[in-house]
Amino acid sequence: MAINEQAYKKLSEEFTQKNITLVAVSKTKPVEDILSLCHLGQRDFGENYVQELLEKQSLLPKDIRWHFIGHLQTNKVKYIAPFVYLIHGVDSQKILHEINKQGSKNNRIIDCLLQVHIAKEETKFGMNEEELDDTLREFENSNMTNVRIKGLMGMASFTGDMDKVRCEFKYLKNLFDKHRLFPAARHPLSVLSMGMSADYAIASEEGTTMVRIGSLLFGARE
Ligand SMILES: *Cc1c(COP(=O)(O)O)cnc(C)c1O
């Protein structure tokens, strides 16, 4: 196993130019590969599974910014709360409350993104528009001071139909713009996490600020 150094250099240059944050998705990949990317200057890494993240975090450089991009269960928030940099997949009030609670216990403010369900055909996690509105409104009226809503995250349909993917990204970008200055977040939303290996180019055209790329950098997963 080896990382694709060429692809990394090309992508990181492109994203730096466009002011897009590249999160290298390292799930199922060995710590050696993560270290190789670290040595090329990469600092943001994304993981989907709590146990795997904990193991890797304990072994790897402490200045890595760990993004949790999987579906997070309420009872597991406490394990990643001490160090996680950004939680991408927040899709309920309940999980937001738990993140706030664990943030408080760890004496930190934990940044997160609300996940919006944008893939029309598939059942993927995420809120619909109404739930997003409700969540932001409830957040505004709460006193959750140890969690910060930084922006939105979404996953497009897994399809070769790029018009459909573009449509879904446009929809998410519109929601992002609509809520950008929403006072509920207590500060303007600044992060829009959309785009993966297969669709990052479209996401970039549609105004993403953060892409999550795995297989292009680390090779295909089993
Ligand atoms: C695995 C995963 C990615 C990366 O997917 P690639 O197609 O390998 O780039 C991005 N986002 C989420 C939420 C993932 O689970």
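1. A good place to start is one buried spot: Phe15 and Tyr200 are both buried. This holds for a predicted model, as does everything that follows in this note. The two rings have centres 5.7 Å apart and planes at 80°, so they form an edge-to-face pair. Phe15 sits in helix H1 (residues 5-18) and Tyr200 in helix H8 (residues 200-205), so far as the sequence goes 185 residues apart, and the pair therefore links distant parts of the chain.

2. How many aromatic pairs does the structure hold? There are two aromatic pairs. Besides Phe15 with Tyr200, we have Phe45 with Trp66, where the ring centres are 6.1 Å apart and the planes meet at 45°, so this pair is tilted. The angle falls between the 30 and 60 degree limits, which is why neither stacked nor edge-to-face applies. Phe45 belongs to strand E2 (residues 44-47) and Trp66 to strand E3 (residues 65-68), 21 residues apart, and this pair too links distant parts of the chain. Both Phe45 and Trp66 are buried.

3. Stepping back to the whole chain, you will find nine helices and eight strands. The radius of gyration is 17 Å, close to the 17 Å that the globule rule gives for 222 residues, so the chain is as compact as a globular protein of that length. Along the principal axes, the C-alpha atoms fill a box of roughly 50 × 40 × 30 Å.

4. On burial and contacts, 51% of the 222 residues in the chain are buried. Among contacts with a separation of 6 or more, 61% come from residues 24 or more positions apart.

5. A word on the surface and the charges. The accessible surface of the chain is about 10700 Å², and carbon and sulfur atoms own 50% of that area. There are 29 positive and 30 negative side chains in the chain, and the centres of the two sets lie 4 Å apart.

6. Ala24 deserves a look when you have the model open. Ala24 is placed in strand E1 (residues 21-25), and with 0% relative accessibility it counts as buried. Apart from neighbours within four places in sequence, Ala24 contacts Leu37, Gln42, Asp44, Phe45, Gly46, Ile213, Leu217 and Phe218. One of these, Phe45, is also a member of the tilted aromatic pair. Another, Asp44, is 20 residues from Ala24 along the chain, with 6.2 Å between the two C-alpha atoms.

7. Is Ile99 buried or exposed? Ile99 is buried, its relative accessible area being 0%. The residue lies in helix H5, and once neighbours within four places are set aside, its contacts are Val77, Ile87, Val90, Ile110, Asn146 and Val147. The C-alpha atom of Ile99 is 9.4 Å from that of Met144, which lies 45 residues away along the chain.

8. Two loop residues are worth checking for their backbone angles. Thr28 is not a glycine, yet its phi is positive, at about 70°. Thr28 lies in the loop between E1 and helix H2 (31-39) and is partly exposed, with a relative accessible area of 49%. Asn107, likewise a residue other than glycine, has a positive phi near 55°. Asn107 is in the loop between helix H5 (93-105) and strand E5 (110-116), and at 70% relative accessibility it counts as exposed.

9. Gly41 is found in the loop between H2 and E2. Its relative accessible area is 48%, so Gly41 is partly exposed. From Gly41 to Ser12 the C-alpha separation is 9.5 Å, with their positions 29 residues apart along the chain.

10. Where does Arg221 lie? Arg221 is in the segment after helix H9 (215-218), and at 36% relative accessibility it counts as partly exposed. Leaving out neighbours within four places in sequence, Arg221 touches Lys27, Thr28, Lys29, Gly214 and Ser215. Thr28 in that list is the positive-phi residue described above. By contrast with those contacts, Glu168 is 53 residues from Arg221 along the chain, and their C-alpha atoms are separated by 25 Å.

Conventions. Residues are numbered from 1 along each chain as its sequence is written. Side-chain values use heavy atoms; hydrogens and water are left out. Helices (H or I, at least four residues) and strands (E, at least two) are DSSP runs, numbered from the N terminus. The radius of gyration is taken over C-alpha atoms; the globule rule is 2.2 Å times the number of residues to the power 0.38. Buried means under 20% relative accessible area, exposed over 50%, partly exposed in between (1.4 Å probe, protein chains only). Contact means heavy atoms within 4.5 Å. Accessible areas come from the Shrake-Rupley method with a 1.4 Å probe; for residues, only the protein chains shown count as cover. Lys and Arg count as positive and Asp and Glu as negative; His and the chain ends are not counted. The place of a charge is taken as NZ of Lys, CZ of Arg, CG of Asp or CD of Glu. Rings of Phe, Tyr and Trp (its six-membered ring) pair if their centres lie within 6.5 Å; planes under 30 degrees apart count as stacked, over 60 as edge-to-face and the rest as tilted.
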